[in-house]
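User: I'd like to go through this model with you and ask how each label is earned. Could you set the values against the definitions as we go?

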Amino acid sequence: MLIDAAGEAHRPDEVQFLLPVNPGKVIALALNYADHNAELGFKTPEEPVMFLKPNTSLLPHGGTVEYPRGAQFMHYEVELGIVIGRDARRVKVKDAEDYIGGYTIANDLVVRDYVSNYYRPPMRAKGWDTFGPLGPYLVSADEVPDPYNLGLRAFVNGELRQEGNTRDMILRGPELIEFMSRFMTLQAGDVILTGTPKGVSHVKPGDVMRLEIDGLGALENPVAWESEDAEPLIAQEGQRI
């Protein structure tokens, strides 16, 4: 049961979830698990590979993900989301934990048709509306004793498709906060997406994705076609798909 501010109890399947946080910005990390890099055939980068996830992509638990018309390869990615608790600028690794407010589950969805150059920010691949499910909860940092020993799992229609552990991250939260806060202010409520392990696979309209992280709950979202009046997307090299 969920308890609201007035102390009343509600069944989770009878309420409409909102986003657990309304971030000023979402900074996502690519290629932060060695096994996923090998899965894609890429070497581990020498420094963080980052991109911004637009706020218009954010979607709460239970919201419907829109499948772009014309897309061939749409993948889920289960990720630990780090929520900044207070403004951070030029923070050192040893102090970085003090700036973490909590954790949540993120699904960094991608149309991989548009991912051909890993040195170019994948905005068109990952920036679609509804491509950033987040939630269902914001779990405060003091309730997560070890954020770098959490199991991650992704299910599609009840079938386990992806499984990993946050201990296998290449760069962890404190290192990322030090790197990012050196050149930009991380503000309270901002979210850092920390990358995904191996095990990505295709999803299609009609599928239901369920992403789990130990101690953070389960983020579930169905997939449906975008509206019929949407133009089919254009793939690489100008080819319509």
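User: Let's start with R90. Why is R90 called exposed?

Analyst: Happy to! This is a predicted model, so every value here is computed from its coordinates. R90 has a relative accessibility of 52%, and exposed means over 50%, so R90 counts as exposed. R90 sits in the loop between β8 and β9.

User: What makes the backbone of R90 worth a look?

Analyst: Its phi is positive, about 55°, although R90 is not a glycine. Most residues other than glycine have a negative phi.

User: Which residue in the loop between α2 and β11 has a positive phi too, and is that residue buried or exposed?

Analyst: That is T130, in the loop between α2 (123–126) and β11. T130 has a positive phi of about 80° and is not a glycine. Buried means under 20% relative accessible area; T130 has 11%, so T130 counts as buried.

User: Why is L109 called buried?

Analyst: The relative accessible area of L109 is 0%, and the cut-off for buried is under 20%, so L109 is buried. L109 is placed in the loop between β9 and β10 (110–111).

User: What surrounds L109, leaving aside its neighbours within four places in sequence?

Analyst: Contact here means heavy atoms within 4.5 Å. By that rule L109 is in contact with K53, V65, M74, H75, Y76, A125, K126, T130, F131, P133 and M209. T130 is thus a familiar name: L109 and T130 are 21 residues apart in sequence, with their C-alpha atoms 8.6 Å apart.

User: What makes the peptide bond from G135 to P136 stand out?

Analyst: That bond is cis, with omega near 0°. Most peptide bonds are trans. P136 belongs to strand β11 (residues 132–140).

User: Let's turn to the sheet. How do you know which strands are at the edges of the open sheet?

Analyst: The seven strands of the open sheet come in the order β4-β3-β14-β8-β9-β11-β5, with mixed pairing. β4 (49–53) and β5 (58–59) each pair on one side only, and these are the edge strands.

User: How do you know that β3 pairs with both β4 and β14?

Analyst: Two strands pair if there are at least two bridges between them. β3 and β4 have five bridges, in the antiparallel sense, and L29 has M50 in β4 as its bridge partner. β3 and β14 (residues 191–193) have three bridges, in the parallel sense, with I27 opposite I192 in β14.

User: Why is strand β3 called mostly covered?

Analyst: Five of the five residues of β3 (residues 26–30) are buried. V26, A28 and A30 point one way, and I27 and L29 the other way. In a regular strand the side chains alternate between the two faces of the sheet.

User: And what makes β8 and β9 a pair?

Analyst: Seven bridges join β8 (residues 78–84) to β9 (residues 100–107), and the two run antiparallel. Within that pair, I82 stands opposite Y103 in β9.

User: How do you know that β15 has partners, and which are they?

Analyst: β12 (residues 151–156) and β15 (residues 208–213) are joined by five bridges and run antiparallel. Six bridges join β15 to β16 (residues 217–225), again antiparallel. E212 shows both pairings: E212 is the bridge partner of R153, and A218 in β16 is the bridge partner of E212. β15 and β16 form a hairpin with three residues between them, and G215 in the turn has a positive phi of about 80°.

User: Stepping back, why does the radius of gyration of the protein agree with a compact globule?

Analyst: A compact globule of 241 residues would have a radius of gyration near 18 Å; the protein has 17 Å, which agrees. The C-alpha trace spans about 50 × 50 × 30 Å along its principal axes, and buried residues make up 51% of the 241.

User: How many helices and strands are there, and what share of the contacts between residues at least 6 apart joins residues at least 24 apart?

Analyst: The secondary structure comes to three helices and 16 strands. Of those contacts, 75% join residues at least 24 apart.

Conventions
Residues are numbered from 1 along each chain as its sequence is written. This is a predicted model: local features need pLDDT of at least 70, side-chain atom pairs count only at pLDDT 80 or more; totals for chains, interfaces and linings use all residues. Side-chain values use heavy atoms; hydrogens and water are left out. Helices (H or I, at least four residues) and strands (E, at least two) are DSSP runs, numbered from the N terminus. The radius of gyration is taken over C-alpha atoms; the globule rule is 2.2 Å times the number of residues to the power 0.38. Buried means under 20% relative accessible area, exposed over 50%, partly exposed in between (1.4 Å probe, protein chains only).
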